[in-house]
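Student: Let's go through this model step by step. Please show it to me.

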Amino acid sequence: MSVTVVLGSQWGDEGKGKLVDVLAADADVCARCAGGNNAGHTIVVPVGTNGEKKTFAFHLLPSGLIGSGVVVHVPSFFEELEALEAQGLDCTERLFISDRAHLVFDFHQIVDGLKEVELGRGSIGTTKKGIGPAYSGKASRSGLRVHHLFDPTFPDKFRRLVEGRFKRYGHFEYDTEGEIVRYKALADRLRPYVIDSVSYIHGALSSGKKVLVEGANALMLDLDFGTYPYVTSSSTAIGGVATGLGIPPKKIGKAIGVVKAYTTRVGGGPFATEQLNDTGVYLQEVGREWGVTTGRRRRCGWLDLVVLKYSNLINGYDSLNLTKLDILDGLAEIKVGVKYLVDGKELVGFPADLDVLGKVEVEYVTLPGWNTPITAITKYEDLPENCRKYIEFIEAYIGVPIEWIGTGPGRDSMVIKTVN
C-alpha cells in the first residue's frame, strides 16, 4: 500500500506539519484532503552549518496537491505562494489544485463573522476565514467550485450566490461586481495549477508512486465525531481522506496519529483536562501556544488519554508521533487523564452530549518528570528514564506504538523509535 496518512488526534495544533515535512522526503506526492487556510503549520529548517534556522509558515500548503475536499480562498493561495517563493522555494510544476475543490470568497469571511456575532455567547470561536460558510454552501449545493471560474456563466452564478447571502444576513458592504472582475484575473493566474485530481492521484498510484496525505485540523474537530458544535466543517477523520481525495480505503497503507504531549484547543467547548492555573500558563508560555494562522492563544491542559483512545477507535492508528515532549522538561510531576467519571461512575467511551462532558471529573495518573533538557538527544535509549516511562505509559494505555518523538521545534529534533 503506497498511501500514508498523517492525522491530528486531538483538537489540532499537534505539530502535524513537522512529521509531514520529515516524511515528504520519501514521498512522490503530498496531498491535502480537507479544510482550508484555517489550518496552519510552522516548519523550522536548518540552513548552513552555523546552526542558523529558517522558519516557514504554511496554511493551504505545503501539500503539492490540494484535493477536492479542500476549500480554497484563491487570493490567500497566491499570497502564501508568493511569500514562500520570496523565501527561496520553487513551486514550479509542483503544485496542483483539484478542479472540484470548492471556493471560499471574501463574502464567506464576512458571513463567518456575522454568524459568530449571531451566536453571541454560544459562538464557536472560528478562525473567521470563511471555511464554515463555504462548506455550508457546498452542502446546500449552492457553492462554486474551481472549475466554475472558467465557465462563461460564472458572473451570473456569483451574483446569485451573493444575493442569497444578502437575503439571509442583510445587505452588508460588498463589491460584487468588483469581485467578478478580480476573479477573472485570478482565474487566468490559477489555470496552470488546476487539474483533474482524481485522474492525477490514481495515475501516481498506478505507477507505483508514494502518496503522503496531510490531514488538516484533527479528530476532535471532525464534523461527525468531534465536540459538536465546537468543530470545523469538514471530515478530519480518516474517512475524509477517501472522500476528499477520491482514494479507496483499501489503498491506505499506514495511518499515523500526531499527538501533543499535553492537550490544547482553541475556541469554545468543554475541555476536560484544561488547567486554568499555573500549569496551564506554563504550558502556554513554554509551548508558545498561539496559532500560526490567527495568533490566538490556545487553551492548555494535561494529556487526555480518553480523547486519544476515542481518536484511535475511529482512525485506527498504526503508530503515533508524540510531539513537543520537550515542553514538559521543566515539570517535577506530570499528570495524565485516564478516566472520565460522572457521579463517581466511569463513562464508557467519549460522550456525545457536551452537557455530560462539561460535568465529568477526570481521574489522573501522576508520573514523575525528568527535569532535564531533551532537545539535543537523538536516540530513544538516551532519553531520561522518566521520559521513556511517560512514553511507554501512553503506548500501553492506547495500545499503539509511538514511532516518532518530537523533542524541539526544528526538523532535526525528532527521535525515531523502533516499532515492531
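Tutor: Start with the vocabulary. Two strands pair if DSSP finds at least two bridges between them. Helices (H or I, at least four residues) and strands (E, at least two) are DSSP runs, numbered from the N terminus. This is a predicted model: local features need pLDDT of at least 70 and side-chain atom pairs pLDDT 80 or more, while totals for chains, interfaces and linings use all residues. Residues are numbered from 1 along each chain as its sequence is written, and side-chain values use heavy atoms, without hydrogens and water.

Student: Which residue in β11 stands opposite V5?

Tutor: Strands of a sheet pair through backbone hydrogen bonds, either parallel or antiparallel. Here β1 (3-8) and β11 (residues 252-260) pair in the parallel sense, over 6 bridges. Opposite V5 in β11 stands A255.

Student: Which strands are at the edges of the sheet?

Tutor: The sheet is open and has 10 strands with mixed pairing. Their order is β9-β7-β5-β2-β10-β1-β11-β15-β19-β20. An edge strand here pairs on one side only; these are β9 (194-195) and β20 (414-416).

Student: What angle does the direction of α1 make with that of β1?

Tutor: Axes are lines fitted to C-alpha atoms, for helices over the stretch in contact, and angles run from 0 to 180 degrees between N-to-C directions. Contact means heavy atoms within 4.5 Å. Helix α1 packs on the sheet and touches several strands, including β1, β2 (29-32) and β10 (211-214). Its direction and that of β1 make an angle of about 165°.

Student: Is β19 largely enclosed or open, and why?

Tutor: Buried means under 20% relative accessible area, exposed over 50%, and partly exposed in between (1.4 Å probe, protein chains only). On one side, β19 runs parallel to β15, joined by 3 bridges; on the other pairing, β19 and β20 are antiparallel, also over 3 bridges. Because 5 of the 5 residues of β19 are buried, the strand is largely enclosed.

Student: Which residue of β20 stands opposite I405?

Tutor: I405 belongs to β19, where it stands opposite L322. In β20, its opposite residue is V415.

Student: Which helix gives the largest share of the largest nonpolar core?

Tutor: A nonpolar core is a set of buried Ala, Val, Leu, Ile, Met, Phe, Trp, Tyr and Cys residues joined through side-chain atoms within 4.5 Å. The largest one has 53 residues; V213, L325, L328, Y390, I391 and I394 touch the most other members. Its largest share, 5 residues, comes from α12 (residues 385-398).

Student: How many residues are in the second, separate core?

Tutor: In soluble globular proteins, nonpolar side chains tend to be buried together. The second core includes F58, L61, F78 and L190. Its residue count is 40.

Student: Why is C30 not bonded to C33, and how far away is that sulfur?

Tutor: A disulfide is a pair of cysteine sulfur atoms within 2.5 Å. The whole structure has 0 disulfides. C30 is buried, because its relative accessibility is 14%. Its closest cysteine sulfur, in C33, is too far for a bond, at 11 Å.

Student: Which residues does the "active site" annotation cover?

Tutor: UniProt positions are in the numbering used here, feature names are shortened, and annotations may be inferred rather than shown by experiment. The UniProt entry is unreviewed. Its "active site" covers D13, H41 and K138.

Student: Is D13 buried, exposed or partly exposed?

Tutor: D13 sits in the loop between β1 and α1 (16-24). Leaving aside neighbours within four places in sequence, D13 contacts K260, T264, V266 and R298. Its relative accessible area is 28%, so D13 is partly exposed.

Student: What is the relative accessible area of K138?

Tutor: K138 lies in α4 (residues 131-139). Beyond residues up to four places away in sequence, K138 touches S68, G69, H102 and G143. K138 is partly exposed because its relative accessible area is 31%.

Student: What is the phi of R141?

Tutor: Most residues other than glycine have a negative phi, and most peptide bonds are trans. R141 lies in the loop between α4 and α5 (154-169). Its phi is positive, near 65°.

Student: Which proline follows a cis peptide bond from Y228?

Tutor: The omega of this bond is near 10°. The proline lies in the loop between β10 and α8 (239-245). The residue is P229.
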